[in-house]
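Let's take a walk through this protein together. Have the sequence and the 3D view open side by side as you read.

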Amino acid sequence: MRARLAVLALLLAGCANDGIVRGRLHLGLADAPEGQRLLWPQPPEVPRFAYTGTLTGEPNFRRDEAATSALETFGRWLVGLDGRGRAPIVLQRPTSVVGDERGRLYVSDASRQAVFVFDAAAGELQVWEQADGALRFVAPSGLALAPDGGLYVADAELGAVVRLDAAGQPHGLIGRGRLLRPTGLARDAAGGRLYVADTTAHDIKVFDDAGALLQVIGRRGEAEGEFNYPTHLAFSQGTLYVTDTLNHRVQAFDADGRVRRIGQRGLYVGNLVRPKGVAVDGEGNVYVVESYYDSLLVFSAQGEFLLPIGGTGTATGRFYLPAGVWVDAKNRVHVADMFNGRIVLFQFLGGG
């Protein structure tokens, strides 16, 4: 018996030390009233969005306790894996979010100085901390999918974009010495072009996948095509969307070089004061995070304001200094609710 327990303890200790949380991924729905759906706008208006869950980290991964033997349960207690005396691995200040075709969801966390990887298919939560060799992330922000299942991560303090492979291993830095404070990222997969919002340089720098600088878009100013502290980016259907934060607008650059504006400064719901994250769904609707008023604003493809979701608070549908937003192929909208330490999901129900 002692031998069996010793072997079990060693095996379980090895699992504990690999830094991976394992279990079945569940979306937290605790905030939804029993038997009800949280909808926006609320009836009698026609609902366009429904709340579908919240991600915070380790609490979203559940082990199948029914399949756990008494011996394993005792062994987990023996090596300290019963959850006591250890704080769960959770998001602290999520900044940006993006997902891939394998169902992995990547979240940059500026406070945790890492990238969280929610892998539903593998039933794993990983935390990637290494940027380049012994160099660790300092202020990870924008994310974009890289070729061959990898990931690009902009680190504002390192002044570079980190390329990681599918296992989270670093494969070099892009833009070091050329970027001042990279924040937002977007990639044109078809063209092999990586767009980087260089915030304090007030421009967008374009690199190829090998890291060569191809183009610089814009300069500081208020005119069309100019920027004042650009932050977040999105790329959809040949159009680059740039959150021009201190010009209180989003600028959209199409493939023909035309520029159009979305949003404007003002004191009313739907106006932009401190816009951050930007994303586009399958119907062309544009989502803009308005961090000053803790809201997610939805615009039509033509730039018409449609509706807000949010307001300051901790309840579902409320935000506290939200940052990034991303929309998947199923039109599920993911919001990085930064100071609430969570990713909140909404399903776009369609309709105009």
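Where is Leu267 found? In this predicted model, Leu267 sits in the loop between strand E23 (259-262) and strand E24 (275-280). Its relative accessibility is 74%, and because exposed means over 50%, Leu267 counts as exposed. Leu267 has company there: together with Tyr268, Tyr292 and Tyr293 it forms a nonpolar patch on the surface, and the four share about 550 Å² of accessible area.

Now turn to the buried side of the story. The largest nonpolar core has 29 residues, and Tyr106, Val115, Phe118, Leu151, Val153 and Ile343 have the most contacts inside it. Strands that each supply at least two residues of this core include E7 (104-109), E13 (151-155), E14 (160-164) and E30 (342-348). The biggest giver is E8, with five residues. To get a feel for the packing, select Val153: leaving aside residues up to four places away in sequence, Val153 touches, among others, Val115, Phe137, Pro140, Leu164 and Leu185. Apart from this core lies another, of 19 residues, among them Trp40, Leu296, Phe346 and Phe348.

Some of these strands also belong to a sheet. Five strands make up an open sheet in the order E1-E9-E8-E7-E6, with antiparallel pairing. At its edges are E1 (21-22) and E6 (94-99), each pairing on one side only. Strand E1 runs antiparallel to E9 (residues 124-128), and two bridges join them. Look there for Arg22, which stands opposite Glu124 in E9.

Methods
Residues are numbered from 1 along each chain as its sequence is written. This is a predicted model: local features need pLDDT of at least 70, side-chain atom pairs count only at pLDDT 80 or more; totals for chains, interfaces and linings use all residues. Side-chain values use heavy atoms; hydrogens and water are left out. Two strands pair if DSSP finds at least two bridges between them. Helices (H or I, at least four residues) and strands (E, at least two) are DSSP runs, numbered from the N terminus. A nonpolar core is a set of buried Ala, Val, Leu, Ile, Met, Phe, Trp, Tyr and Cys residues joined through side-chain atoms within 4.5 Å. Buried means under 20% relative accessible area, exposed over 50%, partly exposed in between (1.4 Å probe, protein chains only). Contact means heavy atoms within 4.5 Å. Patches are made of residues with over 30% relative accessible area and no salt bridge: like charges are joined within 9 Å, nonpolar side chains (Val, Leu, Ile, Met, Phe, Trp, Tyr) within 5 Å. Accessible areas come from the Shrake-Rupley method with a 1.4 Å probe; for residues, only the protein chains shown count as cover. A salt bridge is a side-chain nitrogen of Lys or Arg within 4 Å of a carboxyl oxygen of Asp or Glu.
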